[in-house]
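Colleague: Thanks for sitting down with me. Could you walk me through this structure, one feature at a time?

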Amino acid sequence: MASVTIYDVAARAEVSIKTVSRVMNNEPNVRPMMREKVLEAAQALGYSPNLSARSLAGSKSFVIAVFVDAALTIDHWRSERGADYLSRIQLGATLQCRDAGYHLLVELIDHEAPQIRQEVGALLAALKPDGVILTPPSSDNEIVLELLGKSGTPYVRLGPEETEGPGPRVHMDNFAAARDVTEHLAALGHKRIGFVVGEPRHGASQARRAGYVAAMQARGLPVDEAWILQGDFTFQSGHDAAKALLALPDRPTAIFASNDDMALGVLAAAAEAGVLVPGEVSVAGFDDSPSARFSRPQLTTVRQPVVEMAELATRLLIKGQVKGGAAGAMAAPIDELLPFELIHRASTAPPPVA
């Protein structure tokens, strides 16, 4: 059976092809009665608009692209852990794209590649996306931002380090969240609190470290550099950092890792060393990934609104609230700050009595 075309829908609804195109593209200035007539005809014929045909019919590509960090994403998948951050971004963005008839494409960006300018430029030229969602570190990458500006492609920055930079921002307060986690541990009675820093290229990593330091100083607690170790948001880096921290003669009684994957690595290292959690050392994470609820003990962590952030960013792009190029630079800045939540679970408790 031949596939149903836009011509078939137009003939059944007794309207022009242009009217059918407007209805299928969710364009304004179509009378409700006419829109209903076209949709009924399309449903009766089992018509599904072809993405390529829709793109050719107008200036839109009906594609929203998400730029994600290639190195970190590949490391997560190879370790068969993590990638939850990306999954939740995809979920939030896909929900909005599906409702609006758009397609979502995830593109891996290698920020260490010397040819990043050529690769991103070719990507934008080939895809011609109607909008781009930038995740860290793309959200702060000067080359990426420059190319998007020159191409006139609208974009939204998720969790950028530089909140005063160009383009709309959708983010949460990483500083305040990390401060609250540290305050929670200090309120339990912990004075020696270790910290595992996240991937250094991500703005959130430095904000969370700053929040930890601020909370320690506000409590008059020592900020010992021996208790602050560099990680990269992977399970293995959390495991390695915890082994070093637990081997210290004055080891911390609590360890706060900058994401849940690293916190799981801390739990594993503690188990291997025969250190009880939370009996001998408390452990806290950040993200509230599914693994935080499935771990034993369950992780105390921060629930960051990743799905909601991706939904909002996609909605801003689809509804045309973000302008590209010079028009976007001149428009009133969009700065959406979404709330976080500190989740208390079984991995944190008062320190052991000396």
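Modeller: Happy to! A word on the names first: helices (H or I, at least four residues) and strands (E, at least two) are DSSP runs, numbered from the N terminus. Keep in mind that this is a predicted model.

Colleague: With those names in hand, in which loop is P137 found?
Modeller: Start from its peptide bond: the one from P136 to P137 is cis, with omega near 0°. For background, most peptide bonds are trans. As for its place, P137 is found in the loop between β3 and α8.

Colleague: Which residues does the cis peptide bond with omega of about 5° join?
Modeller: Look in the loop between α12 and β9, where P278 lies. The cis bond with omega of about 5° joins V277 and P278.

Colleague: Which residue has a positive phi although it is not a glycine?
Modeller: Most residues other than glycine have a negative phi. The residue you want sits in the loop between α7 and β3. Its phi is about 45°, and the residue is K128.

Colleague: On to the sheets. Which strands stand at the edges of the sheet of 6 strands?
Modeller: The sheet is open, its pairing is parallel, and the order is β2-β1-β3-β4-β5-β11. The end strands each have a single partner, so one side of each is left without a neighbour in the sheet. The twist averages 20° from one strand to the next. The edge strands are β2 (103-109) and β11 (335-337).

Colleague: Inside that sheet, which residue of β3 does F67 stand opposite?
Modeller: Strand β1 (residues 63-69) and strand β3 (residues 131-134) pair in the parallel sense over 4 bridges. Across from F67, in β3, stands L134.

Colleague: What angle does the direction of α8 make with that of β3?
Modeller: Two helices are worth a look here. Helix α6 (residues 84-100) lies across β1, β2, β3 and β4 (155-158), and runs at about 150° to β2. Helix α8 packs on the sheet too, touching β1, β3 and β4, and its angle with β3 is about 165°.

Colleague: α8 also meets α7. How do the residues of that contact divide by class?
Modeller: Helix α7 (residues 116-127) and helix α8 (residues 142-151) pack at about 35°, with axes 10 Å apart, and the crossing is right-handed. α7 brings I116, R117, V120, G121 and L124, while α8 brings I143, V144, E146, L147, L148 and S151. Sorted by class, they are 7 nonpolar, 2 polar and 2 charged.

Colleague: Which strands stand at the edges of the sheet of 4 strands?
Modeller: Its order is β7-β6-β8-β9, an open sheet with parallel pairing. Each edge strand has a single partner, so one side of each lacks a neighbour in the sheet. Neighbouring strands are turned by 15° against each other on average, direction ignored. The edges are β7 (228-230) and β9 (282-284).

Colleague: What is the bridge partner of V196 in β8?
Modeller: Strand β6 (residues 193-197) and strand β8 (residues 254-257) run parallel and are joined by 4 bridges. The partner of V196 in β8 is A257.

Colleague: Which strands does α10 touch?
Modeller: Helix α9 (residues 174-187) packs on this sheet, touching β6, β8 and β9, at about 170° to β8. Helix α10 (residues 203-218) packs on the sheet as well, making about 165° with β6, and the strands α10 touches are β6 and β7.

Colleague: How many degrees lie between the planes of F195 and Y212?
Modeller: The whole structure holds 3 aromatic pairs. This one links distant parts of the chain, with F195 in strand β6 and Y212 in helix α10, 17 residues apart. The rings are 4.7 Å apart, centre to centre, and count as stacked, the angle between their planes being 10°.

Colleague: Last one: is α11 oblique or parallel to α12?
Modeller: The axes of helix α11 (residues 235-246) and helix α12 (residues 260-272) come within 7 Å and cross at roughly 45°. The crossing is right-handed, and by class the contact has 9 nonpolar, 4 polar and 3 charged residues. Angles under 35 degrees count as roughly parallel. The crossing angle of roughly 45° therefore makes α11 to α12 oblique.

How values were computed:
Residues numbered from 1 in each chain as written. Predicted model: local features only at pLDDT ≥ 70, side-chain atom pairs only at ≥ 80, totals over all residues. Heavy atoms only, no water. Axes fitted to C-alpha atoms, helices over the stretch in contact; angles between N-to-C directions. Parallel < 35°, antiparallel > 145°, perpendicular 65-115°, else oblique. Left-handed = near helix turned anticlockwise from the far one by under 90°. Nonpolar A, V, L, I, M, F, W, Y, C, P; charged D, E, K, R; others polar. Contact = heavy atoms within 4.5 Å. Pairing = 2+ DSSP bridges. Phe/Tyr/Trp six-rings, centres within 6.5 Å; stacked < 30°, edge-to-face > 60°.
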